[in-house]
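Subject: The two-chain model

Hi,

Here is the structure I promised to send over. Have a look at it first, and my notes follow underneath.

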Amino acid sequence: MAAKADDPRRFLHPETIARISRLDMRARHVVEGFISGMHRSPFFGHSVEFIQHREYVPGDDIRHLDWKVWSKTDRYYIKQFEEETNLRCTIVLDVSESMHYGRGPLNKYSYACTAAACLAYLLLKQQDSVGLITFDSDVRQVVPSRSAITHIDAIVKAMDVSKPREKTDPEKILRRVTETISSRGMILFVSDLLVDRPPLLRGLEMLQHRRHDVMVFHVLDDDELVFPFTGTTRFEGMEELPQLTCDPRALRDGYLEALEEYLVEVRRGCVNQGIDYSLIKTSDYLDAVLSKFLHHRMAIKSSAKARTNA
Amino acid sequence: MLESFLFPASMTAGGLLVSSPIIIHLINRMRFKRVRWAAMEFLLKSQKRNRRRLIIEQLILLLLRILLVLLIALIVARFIGVFFGPVQPQTSQHLILLDNTLSMNDQFLENGESKNSFKEAKRLVVDEIAKNAAKASKAQQLKLIVATEPQEVRFDQRLNDQSVRDLGARLALIEPTALHVDLLLGVKQARKLFESTPQDQRVLYLVSDFRQTDWSGPNGEALLAELAEMRKADVHIKFVDTADPPRKADEKDSPYHDNLAIVGLRPESRVTARNRMTEFVVTLFNYSLTERKNVQVKVKVNGQDRADSSVPIPVLRPGQKTEARFHVYLDQLGINQISANIDPEDTGLNIDNTRYAVVEVRERVPILLIDGDPANSRKEGGDAYFLHVMFNANRGVAAGYDLVLGVPADLERPNLEQYPSIYLANVRELEDKRLAALENYVRKGGNVAFFMGERINPEFYNKKLYNDGNGVFPVPLADRATPELSAEDKEQRLLANLGDPQYQMFLRNENHAIFKEVFPYKDIFKFLTIERHWPVQRSRWKPTPGKTEELATLPNRQAVDDYKDTTQDLLTKLKTVLEKKDYDKYRTRFSVYHDALRDVLTGKPPHRLSSTIEAMLTDRGQAGNADLPNLAEFWGQTDREVEDLRGRFETLRDTVQYGDPLVVTGTYGKGRTIAWMTSIGRKWSSWAGDFPVSATFPVVMIELQKWLTAGTSDENLLVGQPFGIQLEPTLFEDKVRRIYRPEGKEKGAAGQPEPKAEPGTQPGDVVSPEQRGKVDQGRLAFSFPDIVKPGMYLFEFTPKTEETTSDKREQVGFAFNVDTNTESNLLRAGRDALVDKVKNGEKDTGVRFYTSASDQFTDLEQKQRDLSEYPWLFLLFLLVLVLEQALAVHLSFHLKGNEAAMPAGAMRPQNV
């Protein structure tokens, strides 16, 4: 999938992104590139923008009557606007040791950070407020939500971590995240999810219970999905897992099977709780994350609109 | 375990290599990449799930690889199999018993090239037996012995290319001999040689031409029995037939080459006088199935052709002996070599186309005469007077003889052998010592003639000389001689004979050499007068065919009355027989004879009785005349009564006709004897002195002398048979020189001086080193076991003399001939008979029969079949290889192309 010179998406290629060292630059680059690459996007605009006129029916808020139309036509029309949102988005980013695996241009950690920065930038650009919580064995950094575009700097800084540690109990960590975020908002959970599933799902459930809008970005390296190793290899477990010397080809089928079970379990767990789940490979273009996010937003909006209309 | 492999070293290496897959596996385990891995959970899970399967699969792969190495090792090391029985012998002992006897000279033409059975045998030994045996994978030891000298192992090496070449070189030096040897000796030696290696596989090859004579009869049975014994001792017996034409499979009677052989050459005497025609009898045998015609027997004397003596033989009937006579004029003093030759044949044996004889030619042949009355011997009226006159006249037929008058004491003299014959005339008796000397002399080939006379002591002659048939004298004597005739009796006999001359002596065998010459003139013996003789006790004696023979018989002097009753009885019987209706026609004629016989019985001389009976028995009548029927026809009837009657008439005729024997011959040991029952001089008989009978006397005497000496000249000395000479130690020194004188010696080219010969030898002679003998029972004995070439051999002795330095030497000569009886008949033994007898009804015994033209020798290879010869081993190898590859591919989880299989859950949803 070679990026052509006139293809605006060329900037979204992980290899290209990897060449940009500064994360905020990356985010800007990615988001600008992303937006400019979208033509006539129906999602463009913000919450105070006018959408359409509709005939008044009894029960409508008369404040939304367009009097100018009434004056001209003598009919009552409701002037409809995008619902103004005051979105608080918190990005929960996994910076544990396992995120540091990766053989491609970006490891999972870099990829997750880039994706998080991009999302943050995109949100900030939409003048939503964005906060960041990083965690490994415990919550590491907490950046409160701000909507100023300059907030991106703080977020990017917080992503940096010197000594990654292993994850412990995801439930505990997610409880703390729940406690940290007081008001209802959107939570973007970016992690490789290489933890025990029941506590993870319980933690996610907890977030869901708090009426947060949870979105899971499951970042995995291609190696982890394909397991392309050959020859006798000693796999040294990250995060204090035991090591194993084996012929990887012999175990590949079993590995892929176990991985499939895991992915199904995770996906099913998320879907059961209404959590939006996306599996992201580190070789995927970054716009995948963004487009998934925007799809999600649109889904929320339409559901909110449906609720509103109802 | 390792004995299961032809190349155990390869198997050892293979065994070590078996560990290589394990080692490679272990090395691979030690060389690994390190990966820090986050998703250990799935890996561990996978490992936990697949652990058992993986271990099993890996183990199977490992095993397959080990199996591959093992199979390669098996193929290279050539696994022969595991033996659960007794340990298979590691070495094979091949023993070739090569027949090199006379019959192996049997020659034939193949593609224009002259070959013989022995050449073929050598070819088979090298090209077929040795080369094929050398192909075997185990150690092959090959020994070779030849039939004539089985004790000497001619070749003993382990077989390889070099030693096969050695064998060829060694065989090139071996030629067939002229000997006959029983193969049994070789087989026994082979058995002895095998005894030292009982643990090895033993194979005996009998490379021979398998002639019927060698394999039948008691010798053949013994040979087959010995082979059967060896076979029982697990020796493989291989008959290799080299004779031409090669036997075909399932051929019962194999064809064989025709062969014509001279089986005998006999001079009239071993010792003959110079310038006399000496007669030889040559005997040929046609060993073929077809008649041979116009065979010329050529004669050589001392290597010189004697065309005048050669004799043609018009017809030689198949399977029969044919005799021919020829005369040779011998003018060279000393020992002469005479050979009879027939032209060489294209096929068959040529070595038996020549036969040798040795005749010693002297100026005169000495005869020792021992006279009972030596003082009067030479005087007229003396017993031996006429012998002296005749032999010493040295003229005519009697020329060349030297009658030496001796006394009984001369018998004790040691050089008795110099006399070919001894005459004892009217010798009363002999002292025991002299008798023993005489007996010894005759036993060893001397000849003696006894002439009777008034001095004879019958007791001595009967007890010592006759000795119940075991002595040197052929007949027992009556107690006394016939009484002297009175003058009246003499006159009466003479008158009676003048009126009706009757035979005074009957010759009983017209073909006997002594009387053959005079037989046509036998009527002359009607005028012979024999007044007295020594009767023979006929009750105690009858001629024994082959030992004693009655040559001449005196007439019966009994009165005819003695036979009256018997004759009457027979006539009565005849009458009864003639009453049968079938014999009607003979009756009238028989009545004539009946009357004649009855007439004879009325006091006529007995010879009338016998002649009448003879006439009756032989009357052939007149054809067409019914009055004169053929009586011989009647006597020839198969009627038992007639046969019986005829027998009795014949007996009566003989009894009446024949009186006492006059001349009886006998044999004793190798010598011949003759008993002359009346005096040799004129005392008792008129034969020597009275005309006309005396005209036959010298002829009969010379023939008698010739006959006597001819016996020993027939001495059949065969090459290869033990031969010895015994001498008086007091007379000869203990040394002997043997000289072989080849007949057709090549004369040196013209101008080239002949090499100087030693005294007593001639150029071309093969002189053996001087040999010493040993004294045995008072005799000096020399033995010559190694006479192998046919021809003449001279033995030279040194007589002891008073002078210490004496160059005088004495030579005796003997002719050695090939054993035609056992070797010349090329009839071949039946293949199945041999094999079956050795197998003795058992199966799979290792007994095989090979012929020269077949390619079946390849089964001698004894190549042990090993696994690498079986295709299924390679199939198995291939199968294992395929399995291993399949499993390896399976276990390597090859990915198709560059596509990485993604788990379904990893598929990202399509966007945009």
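**A sheet shared by two chains**

Three strands line up as an open sheet in the order β9(A)-β8(A)-β1(B), with mixed pairing. Keep in mind that this is a predicted model. The edges of the sheet are β9 of chain A and β1 of chain B, each of which pairs on one side only. On average, neighbouring strands are turned by 25° against each other, ignoring direction.

How do the strands run? β8(A) and β1(B), which covers residues 33–37 of chain B, are parallel and joined by five bridges. β8(A) and β9(A), on the other hand, run antiparallel, with three bridges between them. As a reminder, strands of a sheet pair through backbone hydrogen bonds, in either a parallel or an antiparallel fashion.

A handy residue to click on is T233(A). Its bridge partner in β1(B) is K33(B), while in β9(A) the residue opposite T233(A) is C246(A).

Two helices go with this sheet. α9(A) lies across β8 and β9 of chain A as well as β1 of chain B, and runs at about 110° to β9(A). From chain B, helix α3 (residues 40–77) packs on the sheet too, touching β8 and β9 of chain A together with β1 of chain B. The direction of α3(B) makes about 55° with that of β9(A).

**The rest of the interface**

What does each chain bring to the contact? Chain A gives 51 residues and chain B gives 38 residues. Between them the chains bury about 4,100 Å², and 61% of that is on carbon and sulfur atoms.

On the polar side, I have five salt bridges between chain A and chain B. One to look up is E257(A) with R49(B), where the side chains meet at 3.4 Å, N to O. There are also 14 residue pairs in polar contact between the two chains, counting those with both residues at pLDDT 80 or more.

Which parts of chain A touch chain B? At least two residues each come from α8 (222–226), β8 (233–237), β9 (244–246), α9 (248–272), β10 (276–281) and α10 (287–309). The largest share is from α9(A), with 16 residues. Sorted by class, this side of chain A has 23 nonpolar, 10 polar and 18 charged residues.

Shout if you'd like to go through any of this together.

Cheers

Methods. Residues are numbered from 1 along each chain as its sequence is written. Chains are lettered from A and ligands numbered from 1 in the order in which they are written. This is a predicted model: local features need pLDDT of at least 70, side-chain atom pairs count only at pLDDT 80 or more; totals for chains, interfaces and linings use all residues. Side-chain values use heavy atoms; hydrogens and water are left out. Contact means heavy atoms within 4.5 Å. Buried area is the accessible area (1.4 Å probe) that two parts lose on being put together, summed over both. A salt bridge is a side-chain nitrogen of Lys or Arg within 4 Å of a carboxyl oxygen of Asp or Glu. A polar contact is a pair of N or O atoms within 3.5 Å; within protein, one must be able to donate a hydrogen and the other to accept it, and residues adjacent in sequence count only if both atoms are side-chain atoms. Helices (H or I, at least four residues) and strands (E, at least two) are DSSP runs, numbered from the N terminus. Ala, Val, Leu, Ile, Met, Phe, Trp, Tyr, Cys and Pro count as nonpolar, Asp, Glu, Lys and Arg as charged, and the others, Gly among them, as polar. Two strands pair if DSSP finds at least two bridges between them. Axes are lines fitted to C-alpha atoms, for helices over the stretch in contact, and angles run from 0 to 180 degrees between N-to-C directions.
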